Amino acid sequence: MSLAGTRPTRTRFAIMVLLFVSVTINYLDRSNLSITAPAMRTALGLDTAQMGYVLSAFGWTYALCQIPGGWLVDRVAPRVLFAVLIIAWSCATILLGFTASVAGLMAVRMLVGALEAPSYPINNRVVTTWFPERERATAIGFYTSGQFVGLAFLTPVLVWIQTQLGWHMVFVATGVVGIVWGIVWFALYRQPHEFPGTNAAEIDVIRRGGGLVDLDRMPTKTRQFSGADLAYVLRSRKLWGVYLGQFALTSTLWFFLTWFPTYLVQERGMSFVKAGFLASLPFLAAFVGVLCSGLLSDAMVRRGASLGAARKVPIVTGLLLSTSIVGANYVSEPALIVGCLALAFFGNGLASITWSLVSAIAPERLLGLTGGVFNFVGNLSGITVPIVIGYLARDYGFSAGLAYIALLAFLGALSYVFVVGRVERLPDRDLDLTTRTMP
């Protein structure tokens with residue numbers, strides 16, 4: 001059937017909205033503990049080091065489950081897998097509202113982390129399936145902005161719920177929303193060939209533009225776990241540059257997801273209500289940053305810039321801007337403090353299209369596994385940052401913690417500049433072996 005003269009539909013942009021809402025809910029469920037932390041510390045009698053372990057509990061299982069989660073993403077359809085995971089972690093989130101012991105809080109948060117682990121590899125798989133290369137950074141930037149805009153606008157709502165109903169109800173409210181959304185995702189999401197309203201012309205646009213529109217039609221036998229496949233994605237210097245850069249990027253993010261409200265209330269002496277309002281401003285800045293990042297990167301691709309330059313310029317620039325977080329150590333006015341933090345988080349948003357590099361570099365058959373390793377290394381910061389800052393804050397004050405975050409951001413920029421190299425898709429491992437053994 002000829003596609004000449006057929007106008008492509010644009011149903012892929014509905015997929016972008018579905019991912020945006022999913023990410024918004026995902027981050028509410030992983031950051032709600034930071035909002036309740038000051039009240040929980042008082043109620044449970046915890047010091048900053050103890051609270052650091054509670055805040056880090058999510059990161060332990062979230063990081064450790066990335067590789068098996070990535071393998072799972074390569075085997076189970078996103079429609080089913082994402083719906084099951086969203087509903088399951090939302091139920092665990094509700095359980096947090098009825099948990100009072102430190103050990104219990106850590107155990108339930110570890111469960112939430114394990115269940116959320118495959119979420120970003122799923123996002124990456126969906127966007128790589130649905131979007132051509134020239135639109136992919138915009139799509140990634142748009143859905144990634146959900147992690148910031150949701151927190152920016154909904155943090156004051158969660159603060160209000162806590163002041164009116166208690167910290168327990170923050171977990172109940174976010175969990176119920178997640179259960180409803182899991183049902184909606186299962187009802188609405190389909191693969192490109194099955195999505196209502198998607199015509200053959202749109203599928204052709206996606207395929208010709210580098211979208212892996214037939215990824216879900218690959219035979220299951222090609223997706224079985226292999227230690228050799230894991231070794232392949234672990235020995236690439238190019239990928240390690242991206243992995244280490246992601247660790248630096250997410251370190252800044254995890255400060256804001258864990259210690260930021262406590263920093264404003266206890267280190268800077270702001271009231272809880274005022275801190276709840278001011279805490280939304282850096283998330284708004286990050287939202288603007290991530291939207292600028294995707295639009296700038298795809299505009300550079302359309303104007304002829306190399307894919308490497310178009311992806312790296314926003315990432316490196318954003319990481320360098322993130323070092324401005326240390327400036328909060330040298331000012332005392334609330335507006336200037338939040339200004340430094342907002343600039344740093346704007347930079348974090350600007351740099352957060354790193355998944356576009358995974359989409360462009362990962363072997364097609366190992367997209368989920370590569371994404372799992374990428375998210376595993378990146379989210380080791382979810383383990384280290386809450387604990388390290390907890391100890392630094394206890395022994396030296398939060399100023400040392402901010403300096404630690406700034407240093408990591410600077411090192412991350414260096415990783416993207418000097419380690420990643422040329423941005424191009426790695427060949428499949430079997431193809432690579434065949435090429436190397438040819439006479």
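Here is a walk through some features of this structure, which is a predicted model.

Let's begin with charges. The model holds 6 salt bridges by the rule used here. One of them joins Arg-12 to Glu-135, with 2.8 Å between the closest N and O atoms. Find the two residues in the sequence and you'll see why this pair is worth a look: Arg-12 belongs to helix H1 (residues 12-44) and Glu-135 to helix H7 (residues 133-144), so the bridge ties together parts that are 123 residues apart in sequence. Are the two partners buried or exposed? Arg-12 has a relative accessibility of 4%, so it counts as buried. Glu-135 has a relative accessible area of 15%, and because buried means under 20%, Glu-135 is buried too. The story has one more member, since Glu-202 is linked with Arg-12 and Glu-135 in a network of salt bridges.

Now take a second bridge, between Asp-395 and Arg-394. Here the closest N and O atoms are 3.2 Å apart. Asp-395 has a relative accessible area of 45%, which makes it partly exposed, and Arg-394 is partly exposed as well, at 44%. A third bridge pairs Arg-422 with Glu-424, with the closest N and O atoms 3.7 Å apart. Arg-422 reaches 62% relative accessibility, so it counts as exposed, while Glu-424, at 36%, counts as partly exposed.

Next, the rings. By the rule used here, there are 22 aromatic pairs. One of them is formed by Trp-259 and Phe-398, which meet edge-to-face: the centres are 5.9 Å apart, and there are 70 degrees between the planes. Why does that label apply? Planes over 60 degrees apart count as edge-to-face, so the 70 degrees between Trp-259 and Phe-398 fits. Trp-259 sits in the loop between helix H12 (237-258) and helix H13 (260-267), and Phe-398 is in helix H21, so this pair ties together parts that are 139 residues apart in sequence. Both Trp-259 and Phe-398 are buried. They also have company: Phe-255, Phe-256, Trp-259, Phe-260, Tyr-263, Phe-283, Phe-345 and Phe-398 make up one aromatic cluster.

A ring can also sit under a charge. Look at Phe-186: the charged end of Arg-79 sits over its ring, 4.0 Å from the ring's centre.

On to helix H8, which covers residues 146-165. Where does this helix kink? Follow H8 to Leu-154 and you'll find a kink of about 45 degrees, shortly before the proline Pro-156. Several residues of H8 are buried, among them Phe-148, Val-149, Leu-151, Leu-158 and Ile-161. Gln-147 and Gln-162 are on the buried list too. Just after H8 comes Gly-166, which takes a positive phi of about 100 degrees.

Finally, let's go out to the surface. Leu-320, Leu-407, Phe-410, Leu-411, Leu-414, Val-417 and Phe-418 make a nonpolar surface patch of about 640 Å². Which helix gives the largest share of the patch? That would be helix H21 (residues 398-418), which supplies 6 residues. One of the patch residues in H21 is Leu-414. Its relative accessibility is 32%, so Leu-414 counts as partly exposed. You've met H21 already, because Phe-398, the buried partner of Trp-259, lies in this helix. So H21 holds a buried ring at Phe-398 and also supplies 6 residues to the nonpolar patch.

Key. Residues are numbered from 1 along each chain as its sequence is written. This is a predicted model: local features need pLDDT of at least 70, side-chain atom pairs count only at pLDDT 80 or more; totals for chains, interfaces and linings use all residues. Side-chain values use heavy atoms; hydrogens and water are left out. Patches are made of residues with over 30% relative accessible area and no salt bridge: like charges are joined within 9 Å, nonpolar side chains (Val, Leu, Ile, Met, Phe, Trp, Tyr) within 5 Å. Accessible areas come from the Shrake-Rupley method with a 1.4 Å probe; for residues, only the protein chains shown count as cover. A salt bridge is a side-chain nitrogen of Lys or Arg within 4 Å of a carboxyl oxygen of Asp or Glu. Helices (H or I, at least four residues) and strands (E, at least two) are DSSP runs, numbered from the N terminus. Buried means under 20% relative accessible area, exposed over 50%, partly exposed in between (1.4 Å probe, protein chains only). Rings of Phe, Tyr and Trp (its six-membered ring) pair if their centres lie within 6.5 Å; planes under 30 degrees apart count as stacked, over 60 as edge-to-face and the rest as tilted. A charge sits over a ring if NZ of Lys or CZ of Arg is within 6 Å of the ring centre and within 35 degrees of the ring normal. The bend at a residue is the angle between axes fitted to the seven residues ending there and the seven starting there.
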